[in-house]
Amino acid sequence: MNINLGSIFLNREIPSLPSVEGMGDFSNPMTPARNPGHDFPAWAVRALPTWWAMPQSLGGGLFVTGPSGCGKSSTLREWCARTGTPCFQVTANGRLEFQDLVGRVALESDGQGGTRTSFVYGPLAQAMKTGGLFLLDELDLLDPSVCAGLNGVLDGSGLVIPENAGEYIAPHPAFRFAATGNSSGSGDSSGAYAGVMVQNMALMDRFTVVRADWLPRRRESALVAAGPGGASGETLELMMNFTESVRAEQGPLGISKPLTTRSLRRWSAYIAAYRSKPLAALGGRSPVAAALMDAWASGLSEADAASVSETYQRVFGMPLTPDAPQPQSQPAGGGSNE
Ligand SMILES: Nc1ncnc2c1ncn2[C@@H]1O[C@H](COP(=O)(O)OP(=O)(O)OP(=O)(O)O)[C@@H](O)[C@H]1O
Ligand SMILES: [Mg+2]
């Protein structure tokens, strides 16, 4: 089924724009529900339609790398929602095995008080059998030995399942493979992402690699304004100033916990809820400060918390923690506290 790119990216048909071939399987329970508020970032508008139209043997898988919470997985799921593509999503971890993706023999009741064995297909096998997107989140947490099993699939080969009497699954023409990660497969140089492993370069070579980043400020702030709590006006401007400053300090030597679009939306929701609470219930903090603590800042290391407090004071003109111990008063003539 032809699906107009306007209806995918802008929620309305634009006849002058081209179409992509989509499954159009909107009633499939594995097809994500559409979120009309999703804002497709530039990397998706540029690369997704081209990659989608390529045969797997040419484009390989799509690997989207970028900071946590910048919209990698949600954008791929939204692409599925708007093209009617079932999405078989798995989050990798160091103990995930290839069999978890392909399937296992399981015991089930035979209905007569006994048991029998049957093969339960894993998400990769299901996507290859029936068509759809296999989405492997956090690929860079995967044990590299598992990745070797994926090479053939990424080349466009079928899957042989010895555990199911040698069944052969030829890849469905609408099967696609996408993955996300916070590193680019060569380990994490920022130190922010524990568990990230250096991936086998033969595997990484089988992916089209696309870099994702935060949405431009105007669009990210529109998302926050349209989201829960609906922060607006000066509060929203200051939140975005604060976010920009914190992100500028992130990196190998700076704040290690990313301030994500996800956390920003949560911060906005908490602000709205905390506005109606008495100051005492918020530990003496303003609703904006108390909301920031609960939505994001309480999980920071001590060093990061000190630097975030400074940034907050500079941007909002008031302390993040009013009862924090003040620097020791200097002896007369010993200089200011600034
Ligand atoms: N472009 C966007 N449009 C709408 N919402 C967005 C967008 N980008 C991010 N978000 C919001 O941020 C949340 C986090 O996005 P998502 O899960 O896609 O991030 P991610 O990059 O996959 O993060 P991680 O690396 O931690 O898995 C989403 O649930 C959504 O609320
Ligand atoms: Mg993700």
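These questions and answers cover the ligand shell, strands and helices of a predicted model.

User: Where does ligand 1 lie with respect to domain 1 and domain 2?
Analyst: Domain 1 spans 2-211 and domain 2 spans 217-316. Both give residues to the shell around ligand 1. Ligand 1 therefore lies between them.

User: Which residues come nearest to ligand 1?
Analyst: The surroundings of ligand 1 comprise 19 residues. By class, this shell has four nonpolar, ten polar and five charged residues. Those that come nearest are Ser68, Gly71, Lys72, Ser73 and Ser74.

User: Which element gives the most to the shell around ligand 1?
Analyst: Ser68, Gly71, Lys72, Ser73 and Ser74 come nearest to the ligand. The elements giving two or more residues to its shell are α4 (72-83) and α11 (261-274). With four residues, the one that gives the most is α4.

User: In which sense do β5 and β6 pair, parallel or antiparallel?
Analyst: β5 covers residues 103-109, and β6 covers residues 115-121. Seven bridges join the two strands. Glycine 103 stands opposite tyrosine 121, and alanine 106 stands opposite serine 118. The sense is antiparallel.

User: In the hairpin of β5 and β6, which glycine takes a positive phi?
Analyst: Five residues lie between the strands of this hairpin. The positive phi is near 85°. The residue that takes it is glycine 111.

User: Which are the edge strands of the open sheet of five strands?
Analyst: The order in this sheet is β4-β7-β10-β3-β11, with parallel pairing. An edge strand pairs on one side only. That holds for β4 (87-91) and β11 (207-211).

User: By how many degrees are neighbouring strands of this sheet turned against each other on average?
Analyst: The sheet is open and has five strands, with parallel pairing. Direction is ignored in this average. The turn between neighbours is 20°.

User: What is the bridge partner of glutamine 89 in β7?
Analyst: β4 and β7 (residues 132-137) run parallel. Five bridges join them. In β7, the partner of glutamine 89 is leucine 135.

User: How are α11 and α12 placed relative to each other?
Analyst: α12 covers residues 287-295. The axes of α11 and α12 are 8 Å apart, and the helices pack at an angle of about 135°. Their crossing is right-handed. Angles over 145 degrees would count as roughly antiparallel, so α11 and α12 are oblique.

User: At what angle do α9 and α11 pack?
Analyst: α9 runs over residues 217-226, and its axis is 9 Å apart from that of α11. The crossing of the two is right-handed. Their packing angle makes α9 oblique to α11. The value is about 40°.

User: In the crossing of α9 and α10, what is the hand: left-handed or right-handed?
Analyst: α10 covers residues 233-248. Its axis and that of α9 come within 11 Å and cross at roughly 130°. The two helices are therefore oblique to each other. The crossing in which α9 passes α10 is right-handed.

Definitions and conventions
Residues are numbered from 1 along each chain as its sequence is written. Chains are lettered from A and ligands numbered from 1 in the order in which they are written. This is a predicted model: local features need pLDDT of at least 70, side-chain atom pairs count only at pLDDT 80 or more; totals for chains, interfaces and linings use all residues. A residue is near a molecule or strand if its C-beta atom, placed from the backbone, lies within 6 Å of it. Ala, Val, Leu, Ile, Met, Phe, Trp, Tyr, Cys and Pro count as nonpolar, Asp, Glu, Lys and Arg as charged, and the others, Gly among them, as polar. Domain bounds come from an automatic or database domain assignment. Two strands pair if DSSP finds at least two bridges between them. Axes are lines fitted to C-alpha atoms, for helices over the stretch in contact, and angles run from 0 to 180 degrees between N-to-C directions. Angles under 35 degrees count as roughly parallel, over 145 as roughly antiparallel, 65 to 115 as roughly perpendicular and the rest as oblique. A crossing is left-handed if the near helix is turned anticlockwise from the far one by less than a right angle, and right-handed if clockwise.
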